[in-house]
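Reader: Could you take me closely through a single part of this model, the place where the two chains come together, and then set it beside what is known of the partner's fold? I would like one connected account rather than a list.

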Amino acid sequence: MTTPVSVLRLPKGPDPNSRGFDPKSPRFIALCRTSIPTSAGSESDAEQLQEEQHARSVLRETFLRCLLSISNKKVQFRMHEKVKVDATFGASDIDVLNFQVSDLHTPIGVQKEALISTRGSPKPVFQTPESSDTIERIKYQKISCQNDVMLSMRLYVDGLLWRDAERG
Amino acid sequence: LASRQTMAMRQTPLTCSGHTRPVVDLAFSGITPYGYFLISACKDGKPMLRQGDTGDWIGTFLGHKGAVWGATLNTDATKAATAAADFTAKVWDAVSGDEVLTLAHKHIVKTVTFTQDSNCLLTGGNDKLLRIYDLSNPEAAPQEIAGHSSAIKKALWCNNDKQILSASEDKTIRLWDRSSMEEVKTLTFDTSVSSMEYVADGEILVITYGKTIAFYNALSLDLIKLVEAPAPINSASLHPEKDFFVAGGEDFKLYKFDYSTKEELESYKGHFGPVHCVRFSPDGELYASGSEDGTLRLWQTAVGKTYGLWKCVLPEDLGAENSEQLYTAPEIKA
């Protein structure tokens, strides 16, 4: 008569709402260093930390405002091998992994609705050809620290949006 | 030990769910300060990272647009690499889950593996070429090794990353020298090899084909021994201490053999489909299997031992207060 080995519980399964990699896990905290030195050490100056947090939140807000402002506008993506495609920008997903676009003009035809992957694309450049006097050109550049992981972004914007950010 | 023997403990595999399609490959990391980790490749395109000793899900690597055929971790589990049907191999940050690199290929990629220092990545697939990428200079074109006449199923570094072993649908296993990029030796079989595992300590190569599990010297490619299993085998793994090896295949079962005597010791039912991959953990305390049924299962090497989520319960403890906190697996009818 055999007895099955007891187990404490079953292995935890995936979280349906997240891709995981808990940033609060000890491993994540220890191994994912930030690009800005003040955050890395626990002995950082509280005032410096606050300034840094403020700067980061300004960057995040600017980026989000950019995405909102180009919604429903015609944009141009520069993809691999210098291919340029025009589309109407819809929205970004929460991880900025995909952009939803409409009316995507590709070298092989027009796609009514499409998802463009941001991964692997070195520097997507958004350019709206509509306004001739104020061309809003938004670029984002990865500031990498470790393994090219995009940890923060610097936005270079000509025109209205940049001025808004400066005012903030 | 005596009490465990009289109790005759029955193996309770731990089932890791989450994948929605067959699990075709799995790999363990080395032992890190945070334990060891397990990555699984799945036809659903979403490879997953799990804590190795418990099977707890840590995260899913999102980005591939096709079935993922191969997955691996570097020794300290800070990087992952995957090979997929979308004609790309990807390198990932295994701590944050972020995609770090996409390496475009000309056909389905089947296998990926890091060198010990994680600086180079070896890939192979349906375009019949082995490619070596320098991860510190990923924009540079990879070195290419041609020679196989059919798709490459598995490629491994061996001999301190100085040589490469590749298994192909052309029914050969070839040993290549990394610096000269030339073929050093070839093994030819009657059928294509279903799996290959390299054990650095002792330079042993574990190969499966048909119902056979074969052990070769990885440097000379001389045969050490052959073992026949009761059913066609898709994957086998040698215990780090080389006292056991495990195998799984088309009859859905896991088999455990004594390496010295070649004797079949145990067999376990549990999966609901063919077993595609099986690997021992780096500490040898458990082995993981991936199946057509979409699950991974963790199995104890020493059945009844307290380890990970398994708890050794002695007869005198049963019926005591603490036994209610334990979960007893439901009976699996044969």
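Author: What follows looks first at the interface and then at one sheet of the partner chain.

The model is a predicted one, and the values below should be read as computed from it. At the interface, 30 residues of chain A are in contact with 50 residues of chain B. The size of an interface is often given as the accessible area lost when the parts come together. For this pair the buried area is about 3,700 Å², and 61% of it falls on carbon and sulfur atoms. On the chain A side, the residues that lose the most area to chain B are A:Val5, A:Phe21 and A:Arg27, which together account for 22% of what that side buries.

Beside the carbon and sulfur share of the buried area, there are polar and charged pairings to consider. Across the interface of chain A and chain B, 15 residue pairs are in polar contact, counting pairs in which both residues have a pLDDT of 80 or more. The count of salt bridges between the two chains is two. A salt bridge joins the side chains of A:Arg9 and B:Asp56, with a nitrogen-to-oxygen distance of 2.7 Å. As for the elements of chain A that touch chain B, strand 1 (3–4), strand 2 (6–7) and helix 1 (26–31) each supply at least two residues of that side. Helix 1 of chain A gives the largest share, five residues.

Turning to chain B itself, the UniProt record, an unreviewed entry, places the feature "repeat: WD" at residues 61–102, 102–143, 145–186 and 268–300. In the model, residues 61–102 of chain B are 52% strand and 0% helix, with the end C-alpha atoms 13 Å apart. Residues 102–143 of chain B are 50% strand and likewise 0% helix, and there the end C-alpha atoms lie 16 Å apart.

One sheet of chain B can be followed strand by strand. It is an open sheet of four strands in the order 7-8-9-10, with antiparallel pairing. Strand 7 (68–73) and strand 10 (99–104) of chain B are the edge strands, each pairing on one side only. On average, neighbouring strands of this sheet are turned by 15 degrees against each other, direction ignored. Within the sheet, strand 9 (residues 88–93) of chain B runs antiparallel to strand 10 of chain B and is joined to that strand by five bridges. In this part of chain B, B:Lys90 stands opposite B:Thr102, a residue of strand 10.

Definitions and conventions
Residues are numbered from 1 along each chain as its sequence is written. Chains are lettered from A and ligands numbered from 1 in the order in which they are written. This is a predicted model: local features need pLDDT of at least 70, side-chain atom pairs count only at pLDDT 80 or more; totals for chains, interfaces and linings use all residues. Side-chain values use heavy atoms; hydrogens and water are left out. UniProt positions are given in the numbering used here, feature names are shortened, and annotations may be inferred rather than shown by experiment. Two strands pair if DSSP finds at least two bridges between them. Axes are lines fitted to C-alpha atoms, for helices over the stretch in contact, and angles run from 0 to 180 degrees between N-to-C directions. Contact means heavy atoms within 4.5 Å. Buried area is the accessible area (1.4 Å probe) that two parts lose on being put together, summed over both. A salt bridge is a side-chain nitrogen of Lys or Arg within 4 Å of a carboxyl oxygen of Asp or Glu. A polar contact is a pair of N or O atoms within 3.5 Å; within protein, one must be able to donate a hydrogen and the other to accept it, and residues adjacent in sequence count only if both atoms are side-chain atoms.
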